[in-house]
Amino acid sequence: MAAETAAAQSRPESRAVELRIGGKSRIFDIDNPELPKWIDDEAFSSDDYPYKKKLDEDEYEETLTKLQIELVKVQFWMQATGKRVMAVFEGRDAAGKGGAIHATMAYMNPRSARIVALTKPTETERGQWYFQRYVATFPTAGEFVLFDRSWYNRAGVEPVMGFCTPEQYEHFLKQAPRFEKMIADEGIQLFKFWLNIGREMQLKRFHDRRHDPLKIWKLSPMDIAALNKWDDYTEKRDRMLKETHTDHAPWTVIRGNDKRRARINLIRHILKNLDYDGKDKAAIGEIDDKIVGSGPGFLK
């Protein structure tokens with residue numbers, strides 16, 4: 001009996017949660033190494049994804065290389081002209097933000113292209129104007145800055161997880177469009193990307209991270225705590241897109257169940273909206289309007 005008790009105590013506590021998905025009650029235990037069949041069956045098609053399978057890998061690699069060559073041209077143009085570009089990458093956890101940033105940055109000169117991924121604010125930063133620590137990371141002449149999450153934490157993670165007050169949340173939604181108008185007036189090109197995935201796809205990617213020793217660092221306690229907050233995140237996402245989608249700083253929504261299509265079309269969007277020297281329109285190709293849309297209307 002003592003041995004059985006000790007064995008039971010040594011086993012990790014189950015993190016099984018009950019989820020309500022598509023009108024059905026589902027049990028998901030992220031610590032179980034076997035992915036539930038209902039997730040595996042529904043992941044790729046979740047969120048009414050318009051394709052049945054991933055983009056062919058050879059086609060993906062060939063297309064991505066052409067686009068990355070164009071991004072190198074963008075850097076030469078920026079350095080010659082002093083242009084400043086920023087791209088904000090937002091989306092649910094496991095939506096593919098990091099991979100999209102890596103694909104964009106892969107062959108850019110790190111001396112004039114960098115990633116900003118801020119940790120939680122310090123005591124000093126908590127006493128500052130909310131946008132202040134982000135402004136300090138903005139690009140100088142000829143620089144391309146990619147934000148792995150951004151000031152939009154206050155429109156999603158913070159209100160959902162209780163890290164800001166309702167008053168701070170409301171104040172942010174009023175200030176953000178005015179803040180971004182100043183960015184536009186300063187002449188900085190700002191791209192705002194929301195990467196969207198289906199719920200079953202998110203669960204599949206969480207499960208992959210939990211059981212892959214090379215990816216487990218990507219799975220945070222916050223991800224686990226948010227498993228039952230899908231609807232709350234959806235509500236905050238919808239309001240954010242509605243209230244901060246403007247002519248001077250529009251949201252571009254990317255459907256991300258297939259990471260390959262998401263990355264290619266995201267980079268295409270950047271390239272099509274920059275008037276750089278030596279632009280090869282044939283190499284860039286056409287944006288897939290099943291994957292990319294503008295503003296809140298694309299998610300209806």
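## Close-up views of a predicted model

**View 1. Valine 253 of S7 sits opposite glycine 293 of S8.** Welcome to this predicted model; we start at a place where two strands meet. Strand S7 covers residues 251–255, and strand S8 covers residues 292–294. The two pair in the antiparallel sense, with three bridges between them.

**View 2. Strand S7 also pairs with strand S6.** Here the strands run parallel, and five bridges join S7 to S6, which spans residues 189–196. One pair to look for is lysine 192 with its bridge partner in S7, tryptophan 251.

**View 3. Strand S7 is largely enclosed by the rest of the structure, because five of its five residues are buried.** Buried here means under 20% relative accessible area. Trp251, Val253 and Arg255 point one way from the strand, while Thr252 and Ile254 point the other way. In a regular strand, side chains alternate between the two faces of the sheet.

**View 4. Strand S3 is mostly covered as well, with seven of its seven residues buried.** This strand runs over residues 85–91. On one side you will find Val85, Ala87, Phe89 and Gly91; on the other are Met86, Val88 and Glu90. Both faces of S3 are covered.

**View 5. Strand S3 pairs with both S5 and S6.** Five bridges join S3 to S5, and these two strands run parallel. Within this pairing, valine 88 stands opposite phenylalanine 147 of S5. The pairing of S3 with S6 is parallel too and has seven bridges. To find it, look for alanine 87 and its bridge partner in S6, phenylalanine 191.

**View 6. Lys54, Lys215, Lys218 and Lys259 form a positive surface patch.** Let us look at one member, lysine 259, which belongs to helix H12 (residues 259–272). Its relative accessibility is 34%, so lysine 259 counts as partly exposed.

**View 7. Aspartate 47 has a positive phi of about 60°, although it is not a glycine.** You can find aspartate 47 in the loop between helix H2 (37–42) and helix H3 (57–81). This residue counts as partly exposed because its relative accessibility is 34%.

**View 8. Arginine 149 is a residue other than glycine with a positive phi, near 70°.** Its place is the loop that lies between strand S5 (144–148) and helix H7 (157–161). Strand S5 may be familiar from View 5, where it was joined to S3.

Definitions and conventions
Residues numbered from 1 in each chain as written. Predicted model: local features only at pLDDT ≥ 70, side-chain atom pairs only at ≥ 80, totals over all residues. Heavy atoms only, no water. Patch = residues over 30% accessible without salt bridge, like charges linked within 9 Å, V, L, I, M, F, W, Y side chains within 5 Å. Areas by Shrake-Rupley, 256 points an atom, 1.4 Å probe, with all protein chains shown as cover. Salt bridge = Lys/Arg side-chain N within 4 Å of Asp/Glu carboxyl O. Lys, Arg positive; Asp, Glu negative; His and termini not counted. Charge placed at Lys NZ, Arg CZ, Asp CG, Glu CD. Helix = DSSP H or I, 4+ residues; strand = E, 2+ residues; numbered from the N terminus. Buried < 20%, exposed > 50% of the residue type's maximum accessible area, 1.4 Å probe, protein only. Pairing = 2+ DSSP bridges.
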